[in-house]
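Colleague: I would like to learn how to read a fold from its backbone and its packing. Could we go through one together?

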Amino acid sequence: LERHSDWEASIEVCEKAVPPERKDQEPFTAAICLQPAYNLGGMERAAPKLVEQNLRYHELQGFVSFGLYDYDGTFGEHPTVQRLVKRGAMKYYPRWPALI
């Protein structure tokens with residue numbers, strides 16, 4: 001199996017308009033729990049900005065709460081993770097197996 005890390009992905013993300021029939025209704029909230037993560041440095045080398053793009057994409061889709069389980073504690077260094085944690089929009093669990 002050959003591994004390619006020199007790839008680029010152009011992703012257009014646009015905010016979804018609120019349908020007219022929902023404008024008078026209470027807004028709904030959505031939460032997402034991301035796949036357990038590890039080795040931020042390796043991930044950034046293999047796919048630069050993937051973490052930032054993934055989190056931003058889900059924010060634009062309307063997710064307002066995130067959960068991130070980190071095996072080795074490296075994702076706590078990521079600026080987008082820090083921003084979401086500071087804003088109270090992410091529950092971050094560094095080295096989560098030790099919490100069990």
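Modeller: Happily. This is a predicted model, and we can begin where a helix stops: right after α2 comes glycine 62, with a positive phi of about 110 degrees.

Colleague: Which residue follows α3, and what is the sign of its phi?

Modeller: Glycine 88 follows α3, and its phi is positive too, near 85 degrees.

Colleague: Which residues other than glycine have a positive phi?

Modeller: Asparagine 39 is one of them, with phi near 60 degrees. You will find asparagine 39 in the loop between β1 and α1. Arginine 95 is another, with phi near 50 degrees, and arginine 95 lies in the segment after β3.

Colleague: How does asparagine 39 count in terms of exposure?

Modeller: The class follows from relative accessibility, with buried meaning under 20% and exposed over 50%. Asparagine 39 has 37%, so it counts as partly exposed.

Colleague: Let's turn to the helices. Which residues of α2 are buried?

Modeller: In α2, which spans residues 50–60, the buried ones are Val51, Leu55, His58 and Glu59. Looking down the axis of α2, you see these buried residues within an arc of 110 degrees, so they line one face of the helix.

Colleague: What covers the buried residues of α2?

Modeller: The cover includes three strands and two helices of the chain: β1 (30–33), β2 (63–70) and β3 (90–94), together with α1 (40–46) and α3 (79–87).

Colleague: Can we read α3 in the same way? Which of its residues are buried, and which are exposed?

Modeller: Thr80, Val81 and Leu84 are the buried residues in α3. Their arc around the axis is only 100 degrees, which puts them on the same side of α3. Pro79 and Lys86 are exposed on the other side of α3. As for partners, the buried residues of α3 pack against α2, β2 and β3.

Colleague: And the strands? In what sense does β2 pair with its partners, and over how many bridges?

Modeller: β1 and β2 run parallel and are joined by four bridges. Within that pair, isoleucine 32 stands opposite phenylalanine 66 in β2. β2 also pairs with β3 in the parallel sense, over five bridges, and there tyrosine 69 stands opposite tyrosine 93 in β3.

Colleague: What is the handedness of the unit made by β2, α3 and β3?

Modeller: Those three elements make a right-handed β-α-β unit. For the wider order, read the chain from the N terminus: its elements run β-α-α-β-α-β, giving three helices and three strands.

Colleague: How should I think about the core?

Modeller: The general idea is that nonpolar side chains tend to be buried together in soluble globular proteins. Here, the largest nonpolar core has 13 residues, and Leu55, Leu68, Phe75 and Met90 touch the most other members. The elements giving two or more residues to this core are α2, β2, α3 and β3.

Colleague: What share of the protein chain is buried, and how much area does the chain expose?

Modeller: Buried residues are 26% of the 100 residues in the protein chain. The chain exposes about 7900 Å², with carbon and sulfur atoms supplying 53% of that area.

Colleague: One last point: how many of the contacts reach far along the sequence?

Modeller: Take the contacts between residues at least 6 apart in sequence: 70% of them join residues at least 24 apart.

Conventions
Residues are numbered from 1 along each chain as its sequence is written. This is a predicted model: local features need pLDDT of at least 70, side-chain atom pairs count only at pLDDT 80 or more; totals for chains, interfaces and linings use all residues. Side-chain values use heavy atoms; hydrogens and water are left out. Buried means under 20% relative accessible area, exposed over 50%, partly exposed in between (1.4 Å probe, protein chains only). The arc is that of the directions from the helix axis to the C-beta atoms. Contact means heavy atoms within 4.5 Å. Accessible areas come from the Shrake-Rupley method with a 1.4 Å probe; for residues, only the protein chains shown count as cover. A nonpolar core is a set of buried Ala, Val, Leu, Ile, Met, Phe, Trp, Tyr and Cys residues joined through side-chain atoms within 4.5 Å. Two strands pair if DSSP finds at least two bridges between them. A crossover is right-handed if, with the strands pointing away from the viewer, the path from the first strand over the helix to the second runs clockwise.
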